[in-house]
Amino acid sequence: MRAEIAAPSELAVKQQEFGTLYARVQQFYAHQMQLFDAHDAERWAGTFTEDAVFAVPTLDEPLRGRAALAASVHRNRTQQERGKEQLRHWLGMLDVQPQPDGTLRVRAYTLVYATPHGGGPRVSRVCVLEDVLVRSRGKWRTRSRLVTRDDLGLGEVTGGVDGLAGRAA
């Protein structure tokens with residue numbers, strides 16, 4: 001078996017290209033999470049593909065499509081206003097894996113901070129996010145998202161990040 005070793009200049013170029021990609025993915029998530037926390041429903045939903053699937057353990061069924069995603073953000077806003085609490089999502093520890101078909105598989109940790117009006121912040125949830133990102137009209141967009149929560153355990157997660165055929169319980 002013969003190992004192929006890239007020349008130092010080729011390796012440097014590949015590392016630089018990946019570094020640029022990684023920074024763009026970080027910016028994508030920073031923008032997406034800030035839209036979500038600002039309850040900018042339609043713009044947030046626009047960061048997903050038209051046929052996106054979003055599975056989160058607090059829902060009986062995955063959300064499918066931008067209209068369902070936007071409606072969910074509107075419901076979240078109403079619940080937060082009723083509970084007099086602001087939620088902020090912090091996403092980090094991104095593991096970005098480019099795929100041969102041009103998609104990106106991203107796995108990241110998400111902390112959800114809850115701050116009651118007039119009170120101090122607390123960590124509300126610790127989650128793992130698994131996404132498939134695709135290029136659409138020149139921008140990265142989320143095609144599928146699977147969220148699991150540490151406090152709920154693994155539960156029944158079927159279909160993987162691409163299929164999301166079942167539900168995340």
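Over the ring of which residue does the charged end of Arg135 sit? In this predicted model, the charged end of Arg135 sits over the ring of Trp140, at 5.1 Å from the centre of that ring.

**Strands and hairpins**

Strand S5 (residues 122-136) pairs in the antiparallel sense with strand S4 (residues 104-116) over 11 bridges, and S5 also pairs in the antiparallel sense with strand S6 (residues 139-149), over 10 bridges. Between S4 and S5, Tyr113 stands opposite Val123, while Leu133 of S5 stands opposite Thr142 in S6. The hairpin of S4 and S5 has 5 residues between the strands, and Gly118 there takes a positive phi near 85°; the hairpin of S5 and S6 has 2 residues between its strands, with Arg137 in the turn at a positive phi of about 50°.

**A nonpolar surface patch**

Tyr113 and Val123 also belong, with Trp90 and Val126, to a nonpolar surface patch of about 340 Å². Trp90 lies in strand S3 (residues 85-98) and counts as partly exposed because its relative accessibility is 45%.

**Aromatic rings**

The count of aromatic pairs comes to 6. The rings of Trp44 and Phe54 have planes at 70°, which is over 60 degrees, so this pair is edge-to-face. Trp44 in helix H2 (residues 41-45) and Phe54 in strand S1 (residues 48-55) are 10 residues apart, so the pair links distant parts of the chain. Ring pairs join Phe36, Trp44, Phe48 and Phe54 into a cluster, and two of the pairs are set out here:

| Pair | Centre distance | Plane angle | Class |
|---|---|---|---|
| Trp44 and Phe54 | 6.1 Å | 70° | edge-to-face |
| Phe48 and Phe54 | 6.1 Å | 55° | tilted |

Trp44 counts as buried at 3% relative accessibility, as does Phe54 at 10%, and Phe48 is buried with a relative accessible area of 0%.

Key:
Residues are numbered from 1 along each chain as its sequence is written. This is a predicted model: local features need pLDDT of at least 70, side-chain atom pairs count only at pLDDT 80 or more; totals for chains, interfaces and linings use all residues. Side-chain values use heavy atoms; hydrogens and water are left out. Patches are made of residues with over 30% relative accessible area and no salt bridge: like charges are joined within 9 Å, nonpolar side chains (Val, Leu, Ile, Met, Phe, Trp, Tyr) within 5 Å. Accessible areas come from the Shrake-Rupley method with a 1.4 Å probe; for residues, only the protein chains shown count as cover. A salt bridge is a side-chain nitrogen of Lys or Arg within 4 Å of a carboxyl oxygen of Asp or Glu. Helices (H or I, at least four residues) and strands (E, at least two) are DSSP runs, numbered from the N terminus. Buried means under 20% relative accessible area, exposed over 50%, partly exposed in between (1.4 Å probe, protein chains only). Two strands pair if DSSP finds at least two bridges between them. Rings of Phe, Tyr and Trp (its six-membered ring) pair if their centres lie within 6.5 Å; planes under 30 degrees apart count as stacked, over 60 as edge-to-face and the rest as tilted. A charge sits over a ring if NZ of Lys or CZ of Arg is within 6 Å of the ring centre and within 35 degrees of the ring normal.
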